[in-house]
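Me: I've got a model open and a handful of labels I'd like to see justified. Can you walk me through them?

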Amino acid sequence: MEIFIIKLLQFLLAISLLVLLHEGGHFFFSKLFGVKVDKFYMFFDAGIGKWDGSLFKFKPKNSNTQYGIGWLPLGGYCKIAGMIDESFDTEQMKQPVQPWEFRAKPTWQRLLIMIGGVLVNFLLALFIYSMVLFTWGDQYIATSDMSLGFKFNQEAKELGFKDGDILIGTENGDFKDFSTDLFRELSTAQEARIKRNGKEMTLPLPGDINLLSMLKSTPLFAAPLIPAVIDSVIPGTTAYYMHLQKGDRIVAINGKKVDSYNEFTNEIGRLQDMLHEATTAEDSLAIRRVALTFTNDKAATTNTQYTAHVTLPSALQFGFFTQNYRALYKTTTRKYGFFESFPAGIKYGWNVLSGYVSDLKYVFSADGAKSLGGFGAIGNLFPATWDWHAFWLMTAFLSIILAFMNILPIPALDGGHVLFLLYEMITGRKPSENFLIRAEYIGFGILILLMVVANLNDILRWLGYM
């Protein structure tokens with residue numbers, strides 16, 4: 001429960017900040033050009049009966065704008081007078097045009113008002129990345145320093161990779177660290193540069209490996225090799241009563257040899273699949289009865305193997321931890337001065353944006369649609385402990401996503417309004433208000449559908465159906 005609350009608080013703080021500044025971008029340009037803003041709300045204030053849906057609201061003296069917080073945490077809005085938006089206030093549009101309305105302003109001013117939110121979110125992301133680099137520097141573990149190499153799945157091995165290979169880079173340059181960028185670069189590369197048995201060599205690659213398949217496959221296309229050596233044991237668990245100790249090495253499970261913790265978790269995953277398919281209590285019990293073979297480094301005779309027969313809980317958890325790969329290797333840290341951090345932050349943010357955009361093509365596949373995530377998936381991206389470094393990196397990432405998604409040419413999004421304004425600037429003809437209203441309804445329906453699908457995916461994943 002504590003982890004859930006920490007993630008929820010981080011999610012709410014990040015989303016509130018991003019929505020507030022996004023709508024603040026629209027608000028700033030509206031006020032700059034003398035456009036009246038009727039309402040400025042954090043979250044939506046969808047009314048229920050006689051209640052207007054506001055949790056909090058106020059209107060400063062001598063101000064035309066009502067500020068408030070709605071009850072529906074799906075974003076926020078800035079209700080601009082004389083504009084067809086998600087409020088669907090068509091009555092206002094039937095009145096004569098007033099000089100302080102959005103529709104009365106020149107096209108270029110209306111265009112700046114509409115891109116104001118996206119502009120703020122994009123600049124905010126670059127600023128956050130710059131300040132993160134200035135404060136913490138760029139910390140990573142270079143793949144070339146991972147001396148134990150990687151474990152590869154069958155697809156990777158068919159391309160020529162072998163367990164223990166150290167990934168160096170592709171024809172386009174060296175890998176930085178183990179991240180999505182590594183898979184992205186491998187997916188389009190014509191060759192991979194590796195180190196095998198101390199010697200560098202190249203492997204030919206097809207140049208069109210499916211990135212989504214690489215990331216979703218179990219086991220992963222490639223993952224850092226982690227020794228099957230116990231680092232700590234949780235008191236009161238199966239591992240504790242087996243007398244497993246720090247330094248013990250697992251060598252087999254149910255008689256099947258494992259040469260790494262990667263293989264051990266793969267075998268546990270296979271047993272979990274069998275457990276899900278078990279139809280009787282007897283079948284379940286048979287699967288949960290496992291034999292774990294390990295060596296005890298404190299034994300008088302080295303390399304002596306012990307086999308313990310135990311019955312695992314339904315989660316198939318022993319109750320021990322191994323070292324994370326990050327603890328096995330040195331961390332490279334590059335520090336940036338204040339002025340150095342800005343070009344570095346811009347480059348960092350641009351790489352994040354370009355990578356995200358290049359991956360969008362997978363959304364239109366069946367597996368891509370299943371990979372869509374809603375509020376639960378976004379919330380789970382935040383760390384289980386409050387870490388300001390991770391929080392700001394995730395907030396910057398969400399800011400870039402919010403900026404890009406909002407500029408898509410979909411009615412009801414900023415990009416839809418921008419599309420119609422560009423059409424007006426090019427042709428000199430303004431789309432009719434009836435057309436804009438219908439487009440807004442269609443766009444809003446598309447957004448609701450996407451939101452339902454994304455959050456339904458979260459529920460199905462939580463129930464174990466995906």
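Reply: Sure, here are some labels, each set against its cut-off; keep in mind that the model is predicted.

Me: Let's start with the surface. What makes up the nonpolar patch?

Reply: The patch consists of Phe4, Ile5, Leu8, Leu9, Leu12, Leu13, Trp386 and Trp388. Together they offer about 730 Å² of accessible area. A residue needs over 30% relative accessible area to join a patch, and nonpolar side chains are joined within 5 Å. Helix H1, residues 2-32, is the top contributor, with six residues.

Me: Why is leucine 9 called partly exposed?

Reply: Leucine 9 sits in helix H1. Buried means under 20% and exposed means over 50%. Leucine 9 comes out at 46% relative accessibility, so it gets the in-between label, partly exposed.

Me: Staying with H1, why is it called oblique to H13?

Reply: H1 and helix H13 (residues 388-407) pack with their axes 10 Å apart, at an angle of about 45°. Roughly parallel needs an angle under 35 degrees, and roughly perpendicular runs from 65 to 115. The H1 and H13 angle fits neither, so H1 is oblique to H13. As for handedness, H1 passes H13 in a right-handed crossing.

Me: And what makes H3 and H10 oblique?

Reply: Helix H3 (residues 107-136) and helix H10 (residues 338-359) cross at roughly 125°, and their axes come within 7 Å. Perpendicular stops at 115 and antiparallel starts over 145. H3 and H10 are therefore oblique to each other. Their crossing is right-handed.

Me: On to the backbone. What is it about asparagine 254 and its phi?

Reply: Asparagine 254 isn't a glycine, yet its phi is positive, about 55°. Most residues other than glycine have a negative phi, so a positive one gets flagged. You'll find asparagine 254 in the loop between strand E13 (249-253) and strand E14 (256-257). Its relative accessibility is 37%, so asparagine 254 counts as partly exposed.

Me: How do you know whether leucine 316 is buried or exposed?

Reply: The cut-off for buried is under 20%. Leucine 316 has 3% relative accessibility, so it counts as buried. Leucine 316 lies in the loop between strand E16 (305-311) and strand E17 (320-322). Its phi is positive too, near 55°.

Me: Last one: what makes the peptide bond from threonine 218 to proline 219 cis?

Reply: Its omega is near 0°, and the bond from threonine 218 to proline 219 is cis. Most peptide bonds are trans. Proline 219 is in the loop between helix H6 (211-216) and strand E11 (222-224).

Conventions
Residues numbered from 1 in each chain as written. Predicted model: local features only at pLDDT ≥ 70, side-chain atom pairs only at ≥ 80, totals over all residues. Heavy atoms only, no water. Patch = residues over 30% accessible without salt bridge, like charges linked within 9 Å, V, L, I, M, F, W, Y side chains within 5 Å. Areas by Shrake-Rupley, 256 points an atom, 1.4 Å probe, with all protein chains shown as cover. Salt bridge = Lys/Arg side-chain N within 4 Å of Asp/Glu carboxyl O. Helix = DSSP H or I, 4+ residues; strand = E, 2+ residues; numbered from the N terminus. Buried < 20%, exposed > 50% of the residue type's maximum accessible area, 1.4 Å probe, protein only. Axes fitted to C-alpha atoms, helices over the stretch in contact; angles between N-to-C directions. Left-handed = near helix turned anticlockwise from the far one by under 90°.
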